[in-house]
Amino acid sequence: MGLSHQQATATFSSLFFFFFFFFFYLFMLVIASGLTSSSSSSRQLEWRSGTATYSKDTAASILTGGACGYGDVIESGFGKMSTGVSGALFDKGKACGACYEVRCVDDIRWCLLGSPSIVVTVTDFCAPNYGLPSDFGGWCNFPRDHFDMSPLSFSSIARIKADIVPVQFRRVKCGRSGGVRFRVTGSSYFFQVLISNVGLDGELVAVKVKGSRTAWITMARNWGQNWQCNAELRGQPLSFELTISSGSTLTSFSVAPSHWQYGQSFEGNQFEEDY
């Protein structure tokens with residue numbers, strides 16, 4: 001028996017309102033997701049307060065890659081606009097390669113006129129000194145946000161005669177020239193690679209390596225931006241898969257040829273902004 005006109009009308013109305021509210025719900029979820037993403041992005045751009053000093057030692061580990069293991073920061077692609085950071089920012093080496101915009105504020109005696117900002121790359125760890133108070137010498141003590149900058153980077157925002165200045169800082173994307181750099185070291189069944197000149201976030205959170213005779217092998221952070229795995233990879237071309245903190249992944253196939261040697265460096269693809 002067919003539906004009456006009233007029953008058909010009621011059924012149609014029910015279906016109409018069901019689909020209307022269903023699609024309205026989906027629409028609101030998309031809007032909420034966009035707002036959350038926008039809010040997260042906004043938080044990343046917010047200025048935070050900290051302090052900054054500079055290393056008076058021209059051979060300081062800031063310029064030699066220090067706790068990040070980069071070696072010469074010029075050869076690694078970072079230039080002299082580099083900095084060490086306190087433990088609160090260093091995050092056990094995760095911050096190596098990350099970029100910060102920094103400006104001197106609220107000190108008319110030492111800050112340069114107009115509070116110009118610069119972008120620096122994290123290349124070292126500023127160790128705490130709990131034998132000194134946090135406001136007098138122990139500037140890298142937890143939980144302080146502190147930058148121990150190279151002389152060039154510090155003098156770009158403050159007078160070089162200053163000992164310590166208040167700053168504002170925020171994370172920014174890293175602008176890099178050329179591709180990501182891989183320096184391979186190790187021995188049989190121990191493979192290690194130092195990764196530098198990473199664009200965008202600059203902050204690696206996961207690395208995989210693949211030989212021509214292996215599947216993808218997950219690597220572990222050894223120290224700084226040195227990543228290692230227990231595998232024999234000699235005699236195979238090497239590919240790498242990198243993941244940065246934003247979740248973006250970059251794959252460079254056959255970066256190193258089959259005849260690669262320990263101590264050699266190779267250049268792969270580079271992270272690029274998605275538009």
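**A pocket, two cores and some unusual backbone spots**

The second largest pocket is lined by 15 residues, and those nearest its centre are Y70, S76, R183, L194 and S265. The structure described here is a predicted model, and this pocket is a good place to begin a tour of it. Its volume is about 210 Å³. Sorted by class, the lining of the second largest pocket holds four nonpolar, seven polar and four charged residues. Two strands, β7 (181-187) and β8 (190-196), each supply at least two residues of this lining. Of the elements involved, β7 gives the most, with four residues.

Stepping back to the whole molecule, the protein chain contains three helices and 14 strands. The chain has 275 residues, and 40% of them count as buried. Among contacts in the protein chain with a separation of 6 or more, 67% are between residues 24 or more positions apart. The accessible surface of the protein chain comes to about 14,900 Å², and carbon and sulfur atoms account for 57% of that area.

Attention can now turn to the interior. In soluble globular proteins, nonpolar side chains tend to be buried together. In this model, the largest nonpolar core has 30 residues, and the members that touch the most others are Y100, V102, F147, M149, F154, I157 and V165. Two or more residues of this core come from each of β1 (48-54), α2 (87-90), β3 (99-104), β4, β5 and β6 (165-172). A second, separate core is made up of 26 residues, including F182, V209, L233 and V255.

F154 offers a closer view of the largest nonpolar core, as one of the residues that touch the most other members. Setting aside residues up to four places away in sequence, F154 touches A52, T53, Y54, M149, R159, I160, A162 and V165. Of these partners, M149 and V165 are themselves listed among the core members that touch the most others.

A polar residue can be followed in the same manner. Q236 is placed in the loop between β11 (226-229) and β12 (238-244). This loop residue counts as buried because its relative accessibility is 2%, below the 20% cut-off. Apart from neighbours within four places in sequence, the contacts of Q236 are G211, S212, R213, T214, A256, P257, S258 and W260.

The backbone has a few points of its own to show. The peptide bond from F142 to P143 is cis, with omega near 5 degrees. P143 sits in the loop between β4 (117-125) and β5 (146-149); both of these strands also give two or more residues to the largest nonpolar core.

Two residues other than glycine have a positive phi: for L200 the angle is near 55 degrees, and for S254 it is about 50 degrees. What are their settings in the chain? L200 is found in the loop between β8 and β9 (204-210), whereas S254 lies in strand β13, which covers residues 249-256. Is each of these residues buried or partly exposed? L200 counts as buried because its relative accessibility is 11%, under the 20% limit. S254, with a relative accessible area of 48%, is partly exposed, a value that falls between the limits of 20% and 50%.

Note on methods
Residues are numbered from 1 along each chain as its sequence is written. This is a predicted model: local features need pLDDT of at least 70, side-chain atom pairs count only at pLDDT 80 or more; totals for chains, interfaces and linings use all residues. Side-chain values use heavy atoms; hydrogens and water are left out. On a 1 Å grid over the protein atoms alone, a cavity is a set of points where a 1.4 Å probe fits but cannot get out, and a pocket is an open set with protein on both sides within 12 Å along at least five of seven lines; lining residues have an atom within 4 Å of a point. Grid points are joined across faces, edges and corners, and a volume is the space filled by probe spheres set on the points. Ala, Val, Leu, Ile, Met, Phe, Trp, Tyr, Cys and Pro count as nonpolar, Asp, Glu, Lys and Arg as charged, and the others, Gly among them, as polar. Buried means under 20% relative accessible area, exposed over 50%, partly exposed in between (1.4 Å probe, protein chains only). Contact means heavy atoms within 4.5 Å. Accessible areas come from the Shrake-Rupley method with a 1.4 Å probe; for residues, only the protein chains shown count as cover. A nonpolar core is a set of buried Ala, Val, Leu, Ile, Met, Phe, Trp, Tyr and Cys residues joined through side-chain atoms within 4.5 Å.
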